[in-house]
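Me: Please take one close look at a single part of this model. Keep the answer connected and let each point lead to the next.

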Protein chains: 2
Amino acid sequence: MRESQAQHPPWGDFMCVPPEEGVRVFQTTGTTGIPVKVMLNKMDWTVHFYEQFMHFMCGYGIKPSDILFVPFGYSLYIAWWGFQAALEQAGVMIVPGGAQSSQDRIKNIFEWGATVVCGTPTYLLHLGETGLRMGMPLAGSKVKIVVAAGEPGANVRATKLAIQELWGAKCYDDIGSSEISNFGFECIVQKGTHVIESMFYAECLDPDTLKPVAPGEVGELVLSNLCTETMPLLRYRIKDLVRFNFDRCECGRTFLRLDGGILGRSDDMFQFAGVNIFPSAIENLIRQVPEFSNEYQIVIPKFGSGKHIRIRVEPASSEITKEGMTQAVKGFIENFKYRITVTPDVEIAEMGELPRFELKAKRLIRED
Amino acid sequence: MRESQAQHPPWGDFMCVPPEEGVRVFQTTGTTGIPVKVMLNKMDWTVHFYEQFMHFMCGYGIKPSDILFVPFGYSLYIAWWGFQAALEQAGVMIVPGGAQSSQDRIKNIFEWGATVVCGTPTYLLHLGETGLRMGMPLAGSKVKIVVAAGEPGANVRATKLAIQELWGAKCYDDIGSSEISNFGFECIVQKGTHVIESMFYAECLDPDTLKPVAPGEVGELVLSNLCTETMPLLRYRIKDLVRFNFDRCECGRTFLRLDGGILGRSDDMFQFAGVNIFPSAIENLIRQVPEFSNEYQIVIPKFGSGKHIRIRVEPASSEITKEGMTQAVKGFIENFKYRITVTPDVEIAEMGELPRFELKAKRLIRED
């Protein structure tokens, strides 16, 4: 898709409607350098998205009388635009929380009597902890459902429990991707993710042989979109590892369940602050800066710590002045923010200080 | 309305539908201390707002093939939520510009080929000047229409011309209020604001006697909403001064035109960064801080200077330590940001330094 859009800008050769029909655009956070541009026509945005999110809404037990607070930046990334628009159409009251500090968002959650809040696991933990520090614990608010997306956190048991305790609310995992849209939701049984099989055809394949694996075995999820007009995708490799369960769920649904949700990635992508990040994309940005050597480290702080990603770089040569490095770092941070959409902290190491690797490099460090 | 909501929280006693029917909420920027909460049901939000903004869209000459970039914070204030939602429904492609720096917004205006951009006059000037500084003049973009709202700038000839020159585009004034919604738009003739008379009944009255004034004479605009289910308002005094012209406009419309748009205010409210601010609201916040004396000055920078509002305060007594004042200022700024939603700069004057007034105080200073 990325290549097609590079060769046939801006939309590539896989769109099935002309750009004049587009009413909403987004870009992916799968930042391998250049994001994929996503377009939706009116039918996809107002009818198909609505239908998808009604499965989510019923899955989580949200009712038209609920009040959804959306603590979101409303940028070019798809979440929570679609969720908000669909729930609004379904009669849920939306309280928009753009351009507000976390403190103000907490005040607004109380002031407007929100009953549902959405966010990345990282941000939900951060809001929860901020509320405690402010003496306004969110467990004391009317919120009874929090919906988490953008990172694997909400299906990681410890993270889910931490969020649920901070908020005094049930936490549901919401999955999907900008490219293929919103194919799965966690039900109130909280044992995994149902695929909306009326709108998506799902396969579970061995990532190497691309042969189907048996239910209960881990494989790569491959999806075909049965419902999209603008950019339908057939046998799309979403790169997520899953385990199929075709048994009837205790919630009563017969839709296929991905036990335990998304179990991991079949590639090296990681997620931070709701953004999908490929280390290769960061490498690409680093290697565009002549002042930096080819060595680097990416340090990912733990969920909810409120810390930035840290990028450690070295000067490319001893000729580079301190001012030259400062300027280069400044430009790099600007470019990182524009392309990867999160703000990094950059540390300048001494020349030769960063570890070198003879075989496969390990430059990605996860902090506990 | 404010009193009614204070007495009957949260919605007051003037709503005509129950809160369960609300799908969107906003709050006014008319910050006399506590904002008014505004609710819209699905009919008002998706049907009536759509109809209102279709008059705007046709008035400005926007077509479904246009691409609207919205450089907006997507907070609790109504603009540009309705404009965006209605234009999206009309088939215009929306590129959301929340949570981005001005530099990134300029890059995105070019990258996505935006043809229409909206903003406050202040912000449009700021973006225009930022583009020049970046070597990406917006006059070189595909933008051909800019829509300005939230401040009187776009009907002030010098400001309109400055915006048009920076953007190489036509600049149209978009008026309305959170309370009564979007009653008027400037047409391509650019001589004033048409009232959507099919949806609003307008009167022009003497602000003191409340008797009608003749066409061509300045009076206060009083509006009755003929179209709203959630909170219809009858004979609502919007506090704007206007001049009626019932002649057929050169654009062909027979809708009443307010010649020259909004000519001023019948009260002391001023507008800054798209926010309606009453000096009395600032006074109210200042007087909540025991460390501050009762004297203050409000310095409003000129349009597009990129400067903050400056609030000058004095210590209430010589007993107050420097640390005490610093803490008080910090709390005041937090409260100001939450209540008035713009960030002020606060200067601490020496005790007795600020001017005292024997008669009517002049504490509001506009910089040229």
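The part in question is the interface of chain B and chain A, and the reply starts there before moving on to other elements.

Reply: This is a predicted model, in which local features need pLDDT of at least 70 and side-chain atom pairs count only at pLDDT 80 or more, while totals for chains, interfaces and linings use all residues; side-chain values use heavy atoms, with hydrogens and water left out. Residues are numbered from 1 along each chain as its sequence is written, and chains are lettered from A and ligands numbered from 1 in the order in which they are written.

Start with the extent of the interface. Chain B puts 40 residues in contact with 40 residues of chain A (contact means heavy atoms within 4.5 Å). The two chains bury about 3,600 Å² between them. Buried area is the accessible area, taken with a 1.4 Å probe, that two parts lose on being put together, summed over both. Carbon and sulfur atoms give 56% of that area. Three residues stand out on chain B's side: Met93(B), Trp112(B) and Tyr338(B) supply 20% of the area that chain B buries against chain A, more than any other three residues.

Next, charge. Side chains of opposite charge can pair when their charged atoms come close. Four salt bridges cross the interface of chain B and chain A (a salt bridge is a side-chain nitrogen of Lys or Arg within 4 Å of a carboxyl oxygen of Asp or Glu). Glu111(B) pairs with Lys37(A) in a salt bridge, with 3.2 Å between the closest N and O atoms. Glu111(A) and Lys37(B) also meet in a salt bridge, at 3.1 Å from N to O. Glu111(A) sits in helix α4 of chain A and Lys37(B) in strand β2 of chain B, so this pair joins two chains. (Helices, H or I with at least four residues, and strands, E with at least two, are DSSP runs numbered from the N terminus.) Glu111(A) is partly exposed at 29% relative accessible area, whereas Lys37(B) is buried at 10%. Buried means under 20% relative accessible area, exposed means over 50%, and partly exposed lies in between, for a 1.4 Å probe and protein chains only.

Polar contacts add to this. The interface of chain B and chain A holds 23 residue pairs in polar contact, both residues at pLDDT 80 or more. A polar contact is a pair of N or O atoms within 3.5 Å; within protein, one must be able to donate a hydrogen and the other to accept it, and residues adjacent in sequence count only if both atoms are side-chain atoms. Which elements of chain B give two or more residues to the side that touches chain A? They are β1 (22–27), β2 (37–41), α2 (42–60), α3 (81–89), β4 (93–96), α4 (102–111) and α8 (322–340) of chain B. β1(B) gives the most, with six residues. By class, this side of chain B has 19 nonpolar, 12 polar and nine charged residues. Ala, Val, Leu, Ile, Met, Phe, Trp, Tyr, Cys and Pro count as nonpolar, Asp, Glu, Lys and Arg as charged, and the others, Gly among them, as polar.

Helix α4 of chain A also has a salt bridge of its own. Lys107(A) and Asp104(A) meet at 3.8 Å, N to O. They are three residues apart in α4 (residues 102–111) of chain A, so about one helical turn separates them. An α-helix has 3.6 residues a turn, so residues three or four places apart point the same way. Lys107(A) is partly exposed at 24%; Asp104(A) is buried at 11%.

Now chain A's helix α3. Seven of the nine residues of α3(A) (residues 81–89) are buried, so the rest of the structure largely encloses this helix. The buried ones are Trp81(A), Gly82(A), Phe83(A), Gln84(A), Ala86(A), Leu87(A) and Glu88(A). Just after α3(A), Gly91(A) takes a positive phi of about 100°.

One more pairing in chain A completes the look. Arg310(A) forms a salt bridge with Glu347(A), the closest N and O atoms being 2.7 Å apart. Arg310(A) is in strand β18 (residues 310–315) and Glu347(A) in strand β19 (residues 345–348) of chain A, so the pair ties together parts 37 residues apart in sequence. Arg310(A) is partly exposed at 23%, and Glu347(A) is partly exposed at 29%. Arg310(A) and Glu347(A) belong to a network of salt bridges that also links Arg312(A), Glu353(A) and Glu367(A).
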